[in-house]
Amino acid sequence: RDRVCQCLEQIVTKGMDFGPKIEMIKYLRVHELISSTQTDDEEFLIHIGQLLNAIGLQAIQCRSESYVSKSSPDVINNTDNMVQQSIQLTGRFLGNEDDGVSE
């Protein structure tokens, strides 16, 4: 499981144009994967948190690029939704007692 998270993180942070990157993240359904994960394994939670962090940062970067390039409203909406999903999921990790998970 840890290696899957690391692999997904590498895929998500791969250098790509923002449009295809957003579509790829949506296609991989990583937010759904993260939100459906139920575990107390703190090491795994750390890897999931790192993956979520990478997705959130990429989503923010893609959002910025979509505004600068005056993309279509659909593209901007997709990037906005991805940022929002990332922020919502982040709360789950910030409340964890383990510093490694909450950081």
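R92 comes out partly exposed in this predicted model, with a relative accessible area of 33%. That puts R92 in the middle band because 33% sits neither under 20% nor over 50%. R92 belongs to helix α5, which covers residues 73-94.

So what does R92 touch once its neighbours within four places in sequence are left aside? The list reads I34, S35, T37, Q38 and L45. With T37 there is a polar contact to look at: the backbone oxygen of T37 lies 2.4 Å from a polar atom of the R92 side chain. R92 and S35 are 57 residues apart in sequence, yet their C-alpha atoms are 9.0 Å apart in space.

**The view from S35**

Now flip over to S35, which is in helix α3, the helix made of residues 30-36. Like R92, S35 counts as partly exposed, here at 40% relative accessibility. Not counting residues up to four places away in sequence, S35 touches L89 and R92. S35 also has a polar partner within its own stretch of chain: a polar atom of the S35 side chain sits 3.1 Å from the backbone oxygen of E32. Another C-alpha pair worth checking on screen is S35 with Q85, 50 residues apart along the chain and separated by 9.7 Å.

**The buried side of α2**

Which residues of helix α2 (residues 18-28) are buried? They are F18, K21, I22, M24 and I25. These residues cover an arc of only 160 degrees around the axis, so they end up on the same side of α2. That buried set packs against α1 (2-12), α3 (30-36), α4 (42-68) and α5 (73-94). If you colour those five residues on the structure, K21 is the one with a charged side chain.

**Two loop residues with positive phi**

Most residues other than glycine have a negative phi. Two residues here go the other way. Just after α2 comes R29, with a positive phi of about 55 degrees; R29 is not a glycine, and its place is the loop between α2 and α3. K70 is also not a glycine, and its phi is positive at about 50 degrees. K70 lies in the loop between α4 and α5. At 72% relative accessibility, K70 counts as exposed.

**α1 against α4**

Two packed helices are described by the angle between their axes and the distance between the axes. For α1 and α4, the angle is about 10 degrees and the axes are 9 Å apart. The two helices are therefore roughly parallel to each other. By class, the contact of α1 with α4 has eight nonpolar, four polar and three charged residues. On the α1 side you'll find D2, C5, Q6, L8, E9 and V12. Facing them in α4 are E43, F44, H47, I48, Q50, L51, A54, I55 and Q58.

H47 is a good residue to zoom in on. Is H47, a residue of helix α4, buried or exposed? At 11% relative accessibility, H47 counts as buried. Leaving aside neighbours within four places in sequence, H47 is in contact with D2, C5 and Q6, and those three are among the α1 residues that meet α4. H47 and D2 are 45 residues apart in sequence but 6.1 Å apart in space, C-alpha to C-alpha.

**S66, also in α4**

S66 is found in helix α4 too. At 0% relative accessibility, S66 counts as buried. Which residues does S66 contact, leaving aside its neighbours within four places in sequence? They are F18, S71, V75, I76 and T79. F18 is one of the buried residues of α2, so this contact fits with that buried set packing against α4. From S66 to G15 the C-alpha distance is 15 Å, with their positions 51 residues apart in sequence.

**Pairs to check on screen**

Here are the C-alpha pairs from above side by side.

| Pair | Apart in sequence | C-alpha to C-alpha |
|---|---|---|
| R92 and S35 | 57 residues | 9.0 Å |
| S35 and Q85 | 50 residues | 9.7 Å |
| H47 and D2 | 45 residues | 6.1 Å |
| S66 and G15 | 51 residues | 15 Å |

Conventions. Residues numbered from 1 in each chain as written. Predicted model: local features only at pLDDT ≥ 70, side-chain atom pairs only at ≥ 80, totals over all residues. Heavy atoms only, no water. Buried < 20%, exposed > 50% of the residue type's maximum accessible area, 1.4 Å probe, protein only. Helix = DSSP H or I, 4+ residues; strand = E, 2+ residues; numbered from the N terminus. Arc of directions from axis to C-beta. Contact = heavy atoms within 4.5 Å. Polar contact = N/O pair within 3.5 Å; in protein donor to acceptor, adjacent residues only side chain to side chain. Axes fitted to C-alpha atoms, helices over the stretch in contact; angles between N-to-C directions. Parallel < 35°, antiparallel > 145°, perpendicular 65-115°, else oblique.
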